Amino acid sequence: MDINDKVAIVTGGIKGIGFVTVQHLLRHGAHYVAIFDLLVAESDVVRTAFKTLEQEFDKVRFGYYHCNVVNHEEFIAQYNDVTQSIRNVDILVNNAGICNDNDPDLTIAVNITAVIKCTMYAVERMGTHRLGKGGIVVNIGSIFGLTNIPTIPVYNATKHAVVSFVRSLKEHNENLGMRIVCLCPGMTKTSMTTDYNPRAILLDFIPRNVINDNLELYLQDPNNVAAAIVEIVKRGKGGDVWLVQNGESPFNTKDVTKVKELRTEF
């Protein structure tokens with residue numbers, strides 16, 4: 001898909017990967033990018049982000065929408081506001097996420113339930129089976145949706161669910177006239193990986209040495225992830241699950257569909 005003149009929504013778009021994704025979409029010619037996030041519009045974070053955007057882009061090309069993706073009615077209302085005030089949405093980036101294994105209900109609600117519900121609403125609005133004009137949904141997974149890590153088992157499980165959700169929909173993309181894909185970032189420099197208290201979000205039985213091992217992993221720049229999001233929008237195929245890590249170019253990943261390939265010795 002050519003991003004030029006397209007309308008996009010980015011959830012969790014005011015900070016981190018979400019914010020640089022907004023910038024990259026605008027730089028590639030997006031007509032309008034709607035930023036969905038939890039913070040109130042009057043917060044310092046939102047004001048600072050908008051000052052940054054206004055230094056580079058015409059302010060009519062982006063807007064802020066207070067939205068808690070866990071509240072699906074709120075998401076629907078804000079999605080509809082975009083379509084009524086701008087025009088139909090072409091691109092939805094489900095970027096909003098949380099890592100807090102001590103609050104599994106919230107982690108599951110944000111990372112799985114909201115991603116599924118937001119995707120399905122986009123299918124309802126974009127899908128040609130409902131007389132929509134097509135589009136793309138990019139669900140942001142994680143390298144930990146493709147591998148396993150002992151540090152954050154709850155978060156790990158939610159990201160595996162995102163990957164499986166996208167792959168399970170692969171055969172339906174053509175009938176829907178749209179693409180549903182997944183981009184899995186490796187460890188990335190965001191507040192989730194740098195500004196947190198490990199003991200506040202990790203289960204109390206996780207050993208300190210396991211935590212320290214993960215703190216020493218290379219953190220790629222979020223711009224590398226945003227660039228990969230742009231690429232998967234442009235040329236990703238329905239059901240693709242791409243991995244981008246270590247500041248390198250993204251690549252597609254293999255889906256094991258034959259049970260016999262899973263066999264291993266006891």
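Biologist: Before we start, what counts as a polar contact here?
Modeller: A polar contact is a pair of N or O atoms within 3.5 Å; within protein, one must be able to donate a hydrogen and the other to accept it. Please bear in mind that this is a predicted model.

Biologist: Fine. Which backbone nitrogen does the side chain of Thr11 reach at 2.9 Å?
Modeller: That of Asn95. In addition, a polar atom of the Thr11 side chain lies 3.0 Å from the backbone nitrogen of Ala96.

Biologist: And where does Thr11 sit?
Modeller: Thr11 belongs to strand E1, which covers residues 7-11.

Biologist: Is Thr11 buried or exposed?
Modeller: Thr11 is buried, because its relative accessibility is 1%, and the cut-off for buried is under 20%.

Biologist: What does Thr11 touch, leaving out residues up to four places away in sequence?
Modeller: Its contacts are Phe36, Val69, Phe75, Leu92, Val93, Asn94, Asn95 and Ala96.

Biologist: Changing topic: how many disulfides does the structure hold?
Modeller: The number of disulfides is zero.

Biologist: Why is there no bond for Cys99?
Modeller: The closest cysteine sulfur, in Cys184, is 15 Å from the sulfur of Cys99, so the two are too far apart for a bond.

Biologist: Then what is the nearest cysteine sulfur to Cys184?
Modeller: It is that of Cys182, 3.8 Å away, and Cys184 is in no disulfide. A disulfide requires the sulfur atoms to be within 2.5 Å.

Biologist: Are Cys99 and Cys184 buried or exposed?
Modeller: Cys99 counts as buried because its relative accessibility is 13%. Cys184 is buried too, with a relative accessibility of 0%.

How values were computed. Residues numbered from 1 in each chain as written. Predicted model: local features only at pLDDT ≥ 70, side-chain atom pairs only at ≥ 80, totals over all residues. Heavy atoms only, no water. Buried < 20%, exposed > 50% of the residue type's maximum accessible area, 1.4 Å probe, protein only. Helix = DSSP H or I, 4+ residues; strand = E, 2+ residues; numbered from the N terminus. Contact = heavy atoms within 4.5 Å.
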